[in-house]
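Here are my notes on this entry, set out as numbered points. They take up one strand and its neighbours, then the cysteines, and then the surroundings of the ligand.

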Amino acid sequence: MLAVQCLSQSKDDPLSGLAVHEVADPEVPDGWVRVDVRAAALNHHDLWSLRGVGLAADRLPMTLGCDAAGVTADGRQVVVHAVMGDPAAGGGDETLDPRRTLLSELHPGTLAEAVVVPARNVVPLPEGMSFEEAACFPTAWLTAYRMLTTRSGLDGPGTVLVQGAGGGVATAAIVLAKALGHRVLCTSRDATKRDQALGLGADLAVATGERLPEKVDVVVETVGRATWEHSLRSLRPGGRIVVSGATSGPDPSADLNRVFFLQLSVVGSTMGTRDELVALLDLVRGAGIRPTVDDVRPLADARVSFERLAEGTGFGKLVLTVP
Ligand SMILES: NC(=O)c1ccc[n+]([C@@H]2O[C@H](COP(=O)([O-])OP(=O)(O)OC[C@H]3O[C@@H](n4cnc5c(N)ncnc54)[C@H](OP(=O)(O)O)[C@@H]3O)[C@@H](O)[C@H]2O)c1
């Protein structure tokens with residue numbers, strides 16, 4: 001079958017290790033299911049893997065990809081859940097299983113004609129949702145959903161700041177925060193992206209680092225060092241930063257004086273559970289939310305999509321399809 005693989009890793013030239021080629025058909029262990037992929041979507045995670053971050057060199061060659069939707073061998077239309085873990089080992093939450101792994105880290109990922117996953121790692125494709133749309137939700141959108149629900153501490157409408165509005169998690173967070181009834185402020189370095197964020201429903205979009213006209217309850221932080229100080233300064237006393245990424249660097253000043261004096265919380269978040277994926281799909285279907293898709297092309301043309309991902313100029317998901 002055709003698969004998109006990481007053959008070697010390079011920090012400076014990640015695409016040098018990318019191959020789109022034929023690989024052996026996967027075996028299906030007991031308790032696992034084969035999903036014939038109809039659509040898969042790219043994430044920065046795939047680029048990090050090619051750079052040597054998060055994917056151990058001794059796992060190569062590795063089929064890339066976390067996001068997919070497709071059809072099981074017994075004909076069910078499904079969305080693939082990318083987090084492989086045992087809920088019991090994580091106190092009922094597989095993301096907290098110390099042995100948790102994401103597709104394409106230990107087990108072959110979704111950028112292929114077929115992917116094999118534990119039976120619990122598929123959920124029904126919502127009625128009326130296309131494979132291309134569904135493939136956008138399991139990683140960036142699930143991450144944003146868990147940040148805004150389980151991890152935010154918000155149990156009613158609040159005010160949320162989303163940093164780096166152009167990012168995949170950030171765009172999802174803007175749309176979901178509005179669907180959950182929050183007031184949404186966001187930042188971006190780019191005026192066009194600020195306009196696009198307003199188009200997604202944000203109530204206010206300001207330049208990165210610009211002082212906000214009001215304090216917020218929660219910050220959705222994926223940018224890291226470049227926005228951390230602004231995130232801390234933007235919170236009301238008792239407010240909370242939920243952080244799931246650090247694109248611009250992992251080591252800003254902690255500014256502990258501000259953290260304790262204003263009794264702020266800093267909370268980490270990663271991906272989400274199978275139950276959260278089901279709840280997310282319910283929410284987007286009920287609210288009529290459609291993911292922003294930047295580009296759709298056949299799996300065989302995956303290199304072009306990776307070039308676009310590496311350029312970082314797009315707005316929305318890059319989707320690959322298997323006819
Ligand atoms: N923990 C998890 O489960 C999980 C899941 C998904 C992603 N992630 C991580 O979350 C991060 C975000 O990923 P993503 O794919 O959503 O987006 P991304 O493309 O990595 O970037 C996020 C945004 O950060 C802003 N940004 C980047 N560099 C910046 C800088 N130097 N100064 C100011 N702003 C900067 C940009 O926003 P503007 O251009 O709009 O300013 C960019 O669109 C990544 O590090 C990813 O690995 C984690």
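1. In this predicted model, strand S5, which spans residues 67-72, has six of its six residues buried, so the strand is largely enclosed by the rest of the structure. I would begin reading the coordinates here, since the next two points concern the strands that pair with S5.

2. On one side of the pairing scheme, strand S3 (residues 32-41) is joined to S5 in the antiparallel sense over six bridges. Within S5, Ala-68 is the residue that stands opposite Ala-40, and this pair is a convenient place to check the register by eye.

3. S5 is also paired in the antiparallel sense with strand S6 (residues 77-80), here over three bridges, and Gly-70 has Val-78 of S6 as its bridge partner. The hairpin formed by S5 and S6 has four residues between the strands, and in this hairpin Gly-75 adopts a positive phi near 90°.

4. Turning to the cysteines, a search of the whole structure gives zero disulfides. Cys-6 takes part in no disulfide, and the nearest cysteine sulfur, which belongs to Cys-66, is 13 Å away. Why is Cys-66 without a bond to Cys-6? The sulfur of Cys-6 is the closest cysteine sulfur to that of Cys-66, but at 13 Å it is too far for a bond, given that a disulfide requires sulfur atoms within 2.5 Å.

5. Are these two cysteines buried or exposed? Cys-6 is buried, with a relative accessible area of 0%, and Cys-66 likewise counts as buried, at 0% relative accessibility.

6. The ligand has 23 residues around it, of which Gly-166, Val-169, Ser-188, Ser-244 and Met-271 come nearest. By class, this shell consists of seven nonpolar, 14 polar and two charged residues.

7. Several polar contacts to the ligand deserve inspection one at a time. A backbone N or O atom of Val-169 lies 2.7 Å from a ligand oxygen atom, while an N or O atom in the side chain of Lys-193 is 3.1 Å from an oxygen atom of the ligand. For Thr-270, a polar side-chain atom is placed 3.2 Å from a nitrogen atom of the ligand.

8. Taken alone, the ligand exposes 900 Å², and the protein buries 81% of that area. The elements that contribute two or more residues to the shell around the ligand are helix H1 (44-51) and helix H4 (168-179), and the second of these ranges includes Val-169.

Conventions:
Residues numbered from 1 in each chain as written. Predicted model: local features only at pLDDT ≥ 70, side-chain atom pairs only at ≥ 80, totals over all residues. Heavy atoms only, no water. Near = heavy atom within 4 Å. Polar contact = N/O pair within 3.5 Å; in protein donor to acceptor, adjacent residues only side chain to side chain. Areas by Shrake-Rupley, 256 points an atom, 1.4 Å probe, with all protein chains shown as cover. Nonpolar A, V, L, I, M, F, W, Y, C, P; charged D, E, K, R; others polar. Buried < 20%, exposed > 50% of the residue type's maximum accessible area, 1.4 Å probe, protein only. Pairing = 2+ DSSP bridges.
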